[in-house]
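Here are a few exercises to work through with the model open beside you. Try each one yourself before reading its solution.

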Amino acid sequence: MSTPTADVVVTGLGATTPLGGDVASTWEALLAGRSGVSRLTDDWVKEFPAQLVARLTSEPAETLDRVRTRRLDRSQQVAVVAAEEAWRDAAGADSGVAPERIAVVFGTGIGGALTLLGQDDILEEKGPKRVSPFTIPMLMPNGPAAAVGLAVGARAGVHAPVSACASGAEAIRWGLDLLRLGRADMVVVGGTEACVHPLPMAGFAAMRAMSTRNDEPERASRPFDKGRDGFVLGEGAAALVLERADAAQARGATIYARLAGAAGTSDGYDLVAPHPEGEGAARAIGAAIRDAGLTPADIGHVNAHATSTPLGDTAEATAIRDAIGDHTLVTATKSQTGHLLGAAGALESVFAILALRDQIVPATANLDDLDDNPAVHALDIVRREPRKATFSAALNDSFGFGGHNMALVFTTV
Amino acid sequence: MPSTADIQAGLAEILEEVAGVTPADATPEKSFTEDLDVDSLSMVEIATAVEDKFGVAIPDDELANIKTVGDAMSYIEKNQ
């Protein structure tokens, strides 16, 4: 028996997003420059300062059977849809890996908010006896991970990192650790979010974090642009299947990329505001590059977190410039997908992997006037149309309220 | 007063809605957990739906004694 190596590869991808119901359609729409953002028309939204969302293109109920749909919160439904696509893509069911060696790490930023709020309405209107017995499993933040675990039959452990908008990226890092430590042979990792509802919308709007460019939905998410005024809330999920390279090769799996390195830091600065120079972000990026055994010069592409908030984008640009330099091709795909919160890091890792595979960097939409910040000016941010390039390493970074910073490095095999 | 057949049909409808049970499978001798794969949380949902549909209250200690579709049918008949 060969000794397991620490080399970890990606053998399956899945996603359901505001750009498409699977990975292929999402990637195609991204490269075509399509926007997933629209304006809500519900009655409740009329009083709201921020009325834009990036909704799924495919309802999860089209994929899942009716009973499963009933018992899962929307955040869990989309997690299962994405994870099942990744699992099929990796031919996980035919891998011969024992369930006791299959693990799941799936994060969410908010959890089952739609269930919590919907059941609270029932409690108020009809009383405690009418509250669903599935309320708790549907709202608990480990619910998506548990639902994915059931879907793929994972028995090596099911884990649910919760670090706001870094949750999806943190899940990928945990998956890498599990494989490096030999605690599992296959890990389904990812992130999910589905919280389009008046309360989260009002809460984010009260923080002045959301774009109020209500009359121009497709132009509202504009990372690094001078006119940016906040993020657009998106919903969806993305998933990856990770395994050791030797095992993947032995079973003849299709390998998308290596997950070469990962790192996380915390700002220790403020509960929600990013450090203005992105100090913790830069440390995470630098540590992930070292963990991958690379140097900053090797990083040819960065899929930035860039949510289109005034403070966040400039802090991140500073971190990228300081930790990597100005040679790397940066893109901000939230300009088209909106911000999928706990799913963002997973979805943008899928994008970074496909960018590596196809040797193309998607464009940042709506970047008309670069922010005056010197770091933003220093970076080579791809805009107007995707750019063909030759690169062998791509980095995805993600940051979350709470001062969480994550960075992941993928390389060609 | 609904007939026994009406009760069976109504129960089958609830089982299909809540637990995805094929209506033809909802016959009196079937055990909810053993035969129809209905878990404990779904039983609570089914009890609530039965209370709504047939206007019978099912306290928790009574629910624990309802093991088969037939048990449910006779409980509904008796308590309506």
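## Warm-up: around one helix

Right after α7 of chain A, A:Gly182 adopts a positive phi of about 75°. Keep in mind that this is a predicted model.

**Exercise 1.** Work out whether the length of α7(A) agrees with its number of residues.

*Solution.* Start with the count: α7(A) has 14 residues. The expected span is 1.5 Å times one less than that number, so the helix should cover 20 Å. Now check the ends: the end C-alpha atoms of α7(A) are 20 Å apart, which agrees.

**Exercise 2.** Decide whether α7(A) is largely enclosed or not, and find what it lies across.

*Solution.* Use the burial cut-off first: a residue is buried if 20 or more other C-beta atoms lie within 10 Å of its own. By that test 12 of the 14 residues of α7(A) are buried, so the helix is largely enclosed by the rest of the structure. Among them are A:Ser167, A:Trp174 and A:Leu179. Next, look at the strands: α7(A) lies across several of them, including β1, β4 and β6 of chain A, and runs at about 170° to β6(A).

## The sheet

**Exercise 3.** Trace the sheet of chain A and pick out its edge strands.

*Solution.* Follow the order β5-β4-β6-β8-β1-β9-β16-β15-β10-β11-β13: that is 11 strands in an open sheet, with mixed pairing. The two ends are β5 (157-159) and β13 (380-381), each with a single partner strand, so one side of each has no neighbour in the sheet. At the β13(A) end, β11 (residues 329-331) of chain A runs parallel to it, joined by 2 bridges. There A:Leu329 sits opposite A:Asp380.

**Exercise 4.** Find how β8(A) pairs with β1(A) and with β6(A), and say how buried β8(A) is.

*Solution.* Take β1(A) first: 8 bridges link it to β8(A), and the two run antiparallel. For one example, A:Gly12 has A:Val241 as its bridge partner. Then turn to β6(A): this strand also pairs with β8(A) in the antiparallel sense, over 8 bridges. Here A:Gly191 is partnered by A:Ala238. Finally, burial: 9 of the 9 residues of β8(A) are buried, so the strand is largely enclosed by the rest of the structure.

## One residue up close

**Exercise 5.** Is A:Val9 buried or exposed, and which residues does it contact beyond its neighbours within four places in sequence?

*Solution.* First locate it: A:Val9 is in strand β1 of chain A. Count next: A:Val9 has 25 C-beta neighbours inside 10 Å, so it counts as buried. Leaving aside neighbours within four places in sequence, its contacts include A:Glu243, A:Ile255, A:Leu259 and A:Val413. For a contrast, try A:Leu123: it is 114 residues from A:Val9 in sequence and 47 Å away in space, C-alpha to C-alpha.

## Domains and chains

**Exercise 6.** Describe how the two domains of chain A meet.

*Solution.* Begin with the bounds: the domain assignment gives domain 1 (8-250) and domain 2 (262-411). Their C-alpha centres lie 20 Å apart. The contact uses 59 residues of domain 1 and 54 residues of domain 2. On the domain 1 side, α7(A) gives the most, with 8 residues. That side splits into 30 nonpolar, 19 polar and 10 charged residues.

**Exercise 7.** How many residues of chain B are in contact with chain A, and which helix gives the largest share?

*Solution.* Count both sides: 5 residues of chain B contact 6 residues of chain A. Helix α2 (residues 40-54) of chain B supplies the largest share of the chain B side, 3 residues.

Definitions and conventions: Residues numbered from 1 in each chain as written. Chains lettered and ligands numbered in written order. Predicted model: local features only at pLDDT ≥ 70, side-chain atom pairs only at ≥ 80, totals over all residues. Domains from an automatic or database assignment. Contact = placed C-beta atoms within 7 Å. Helix = DSSP H or I, 4+ residues; strand = E, 2+ residues; numbered from the N terminus. Nonpolar A, V, L, I, M, F, W, Y, C, P; charged D, E, K, R; others polar. Pairing = 2+ DSSP bridges. Axes fitted to C-alpha atoms, helices over the stretch in contact; angles between N-to-C directions.
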